Amino acid sequence: YTLVNARLSYTTFGGRYTWTVYSNNLLDKEYKNHALPAFQAGVVDGDSVYWAPPRTYGVSFISRW
């Protein structure tokens, strides 16, 4: 599988302020992040599957002084 992440930042002259918009897993790919046999009281009863996060996006702002 292929994951696509994107990030776009703008920093003012002098580097005092930075604005960023981002998206992780841009194509919303479903995939297992981790999988193990599940144990309950020492007996295997199935799989414990941890799915990776879906598409996420957001903004950030940094101020330096």
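The legends below describe close-up views of a predicted model.

**View 1. An open sheet of three strands.** The strands of this sheet follow the order β1-β2-β5, and their pairing is antiparallel. β1 and β5 stand at the edges with a single partner strand each, so one side of each has no neighbour in the sheet. From one strand to the next, the twist averages 10°.

**View 2. The pairing of β1 with β2.** Strand β1 covers residues 6-11 and strand β2 covers residues 17-24. The two run antiparallel and are joined by six bridges. One residue to look for in this view is T11, whose bridge partner in β2 is T18.

**View 3. The hairpin of β1 and β2.** Five residues lie between the two strands of this hairpin. G14, in the hairpin, takes a positive phi near 95°.

**View 4. The pairing of β2 with β5.** Strand β5 covers residues 56-63 and runs antiparallel to β2. Eight bridges join these two strands. Among the residues to find here is Y17, which has S63 as its bridge partner in β5.

**View 5. A nonpolar patch on the surface.** The patch is formed by L8, V21 and V59. Together these three residues have about 310 Å² of accessible area. L8 has its place in strand β1. The relative accessibility of L8 is 60%, and L8 therefore counts as exposed, since exposed means over 50%.

**View 6. The surroundings of N25.** N25 has its place in the loop between β2 and β3, the latter covering residues 32-40. Is N25 buried or exposed? Its relative accessible area is 5%, so N25 is buried, the limit for buried being under 20%. Leaving aside residues up to four places away in sequence, N25 touches L3, V4 and N5. N25 also touches Y31, as well as P53, P54 and R55.

Key. Residues numbered from 1 in each chain as written. Predicted model: local features only at pLDDT ≥ 70, side-chain atom pairs only at ≥ 80, totals over all residues. Heavy atoms only, no water. Pairing = 2+ DSSP bridges. Helix = DSSP H or I, 4+ residues; strand = E, 2+ residues; numbered from the N terminus. Patch = residues over 30% accessible without salt bridge, like charges linked within 9 Å, V, L, I, M, F, W, Y side chains within 5 Å. Areas by Shrake-Rupley, 256 points an atom, 1.4 Å probe, with all protein chains shown as cover. Salt bridge = Lys/Arg side-chain N within 4 Å of Asp/Glu carboxyl O. Buried < 20%, exposed > 50% of the residue type's maximum accessible area, 1.4 Å probe, protein only. Contact = heavy atoms within 4.5 Å. Axes fitted to C-alpha atoms, helices over the stretch in contact; angles between N-to-C directions.
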